[in-house]
Amino acid sequence: CSACHGLNARGVPGLGKDLIASEFVHSLSDEELLQFIITGRPVWDELNTTGIDMPARGGNPSLTDEQIEHIIAFIRTETENVGAASQPTAAPEVVQNPTAVATNPPISVPSEDTVVNLPPAEPRSGETAYAQLCAGCHGANGEGTAYNGPAITDSELLTDEAALVEFLTTVEQIVPEQGFVHPVRGGYPPLTDEEIEALTGYLQELAE
């Protein structure tokens with residue numbers, strides 16, 4: 001889903017809508033939303049307002065009903081979290097206690113030297129990068145999806161690693177029959193050079 005709707009389900013401009021703010025999503029029961037995702041919404045459907053095909057099961061035929069239910073639960077949870085964050089909270093009651101104020105030690109604020117930086121996220125493998133950013137359009141195994149992304153297993157790009165890297169990192173290609181721009185570095189979050197290298201290797205494996 002993230003290839004079109006973003007990792008936080010907030011949408012990707014020109015591809016997929018914001019699922020957290022979607023009135024359509026909120027209007028459906030979990031079962032109705034499950035059936036909608038299973039079926040998808042083709043580009044020729046009059047209710048499709050993006051001009052981009054929403055493939056059945058997110059373009060991944062191996063996605064089970066149970067996994068889709070987990071996706072729905074994630075969307076519902078994120079929506080509730082956003083709603084809770086937007087609600088004003090009551091100011092805490094201040095209790096005047098001079099003794100407590102006098103005896104409590106001051107709060108220690110860590111200096112910059114004591115702040116622990118979290119380690120950077122591990123680079124995505126080629127398979128993971130493909131599943132997150134490519135499979136929604138090009139299919140789980142590179143076979144393509146109707147009205148959304150062409151098959152890539154027979155692409156000449158996969159036989160020229162340098163050209164493939166250039167295409168993924170610097171070239172914005174408008175697909176004539178689709179009318180949208182191929183996202184640079186796979187979209188969001190963008191692929192690092194290390195992940196590009198892993199992805200190109202995985203793509204070449206798909207073509208074998």
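**Entry 1: the pocket**

I began with the largest pocket, which has a volume of about 880 Å³. I note at once that the model is a predicted one. I listed the lining of this largest pocket and got 41 residues. Of these, C1, C4, H5, M54 and G58 lie nearest the centre. I then asked which elements give two or more residues to the lining. They are α1 (2–5), α2 (23–27), α3, α4 (65–86), α6 and α7.

**Entry 2: the chain as a whole**

I stepped back to look at the fold. I found 9 helices and 2 strands in the chain. Read from the N terminus, the order of elements is α-α-α-α-α-α-α-α-β-β-α.

I looked up burial next: the chain has 208 residues, and 33% of them count as buried. For the surface I noted an exposed area of about 13500 Å², with carbon and sulfur atoms supplying 56% of it. I also checked contacts with a separation of 6 or more, and 48% of these join residues 24 or more positions apart.

**Entry 3: the cores**

Which residues touch the most other members of the largest nonpolar core? I found Y130, L168, L191, L199 and L203, out of 16 residues in that core. Three helices, α6 (126–133), α8 and α9 (193–207), each supply at least two residues of this core. Helix α9 gives the most, with 5 residues.

I picked L199 and listed its contacts, leaving out residues up to four places away in sequence. L199 touches G126, A129, Y130, C134, L168 and L191. I then noted a second, separate core of 14 residues, with V25, L28, I38 and I75 among its members.

**Entry 4: two helices and their buried sides**

I went to helix α3 (residues 30–39) and asked which of its residues are buried. They are L33, L34, F36, I37 and I38. I set beside this a general point: an α-helix has 3.6 residues a turn, so residues three or four places apart point the same way. Just after α3, I found G40 with a positive phi of about 80°.

I did the same for α8, where the buried residues are L164, F167, L168 and T169. I looked up what covers them, and α9 is included in that cover.

**Entry 5: the loop between α7 and α8**

I looked at two residues in the loop between α7 and α8, starting with G139. Is G139 buried or exposed? G139 counts as buried because its relative accessibility is 0%, and the cut-off for buried is under 20%. Leaving aside neighbours within four places in sequence, I found G139 in contact with G59, Y130, C134, G144 and T145. I also took the C-alpha separation of G139 and A151, which is 7.6 Å for residues 12 apart along the chain.

The other residue was D160, in the loop between α7 (135–138) and α8 (161–169). D160 has a relative accessible area of 38% and is partly exposed. I checked D160 against T200: the two are 40 residues apart in sequence, and their C-alpha atoms are 9.9 Å apart in space.

**Entry 6: salt bridges**

I turned to charged side chains. In general, side chains of opposite charge can pair when their charged atoms come close. How many salt bridges are there? The count comes to 6 salt bridges, and I wrote down three pairs, among them D18 and R10.

- D18 and R10 meet through their side chains at 2.9 Å, N to O. D18 counts as partly exposed at 23% relative accessibility, and R10 counts as partly exposed at 36%.
- R41 and D45 meet at 4.0 Å, N to O. R41 is buried, with a relative accessible area of 15%, whereas D45 is partly exposed at 23%.
- R57 and D65 meet at 2.9 Å, N to O. D65 has a relative accessible area of 34% and is partly exposed.

Key
Residues numbered from 1 in each chain as written. Predicted model: local features only at pLDDT ≥ 70, side-chain atom pairs only at ≥ 80, totals over all residues. Heavy atoms only, no water. Helix = DSSP H or I, 4+ residues; strand = E, 2+ residues; numbered from the N terminus. Buried < 20%, exposed > 50% of the residue type's maximum accessible area, 1.4 Å probe, protein only. Core = buried A, V, L, I, M, F, W, Y, C linked by side-chain atoms within 4.5 Å. Contact = heavy atoms within 4.5 Å. Areas by Shrake-Rupley, 256 points an atom, 1.4 Å probe, with all protein chains shown as cover. 1 Å grid on protein atoms, 1.4 Å probe; cavity = no way out; pocket = protein on both sides within 12 Å on 5 of 7 lines; lining within 4 Å. Points joined across faces, edges and corners; volume = space filled by probe spheres on them.
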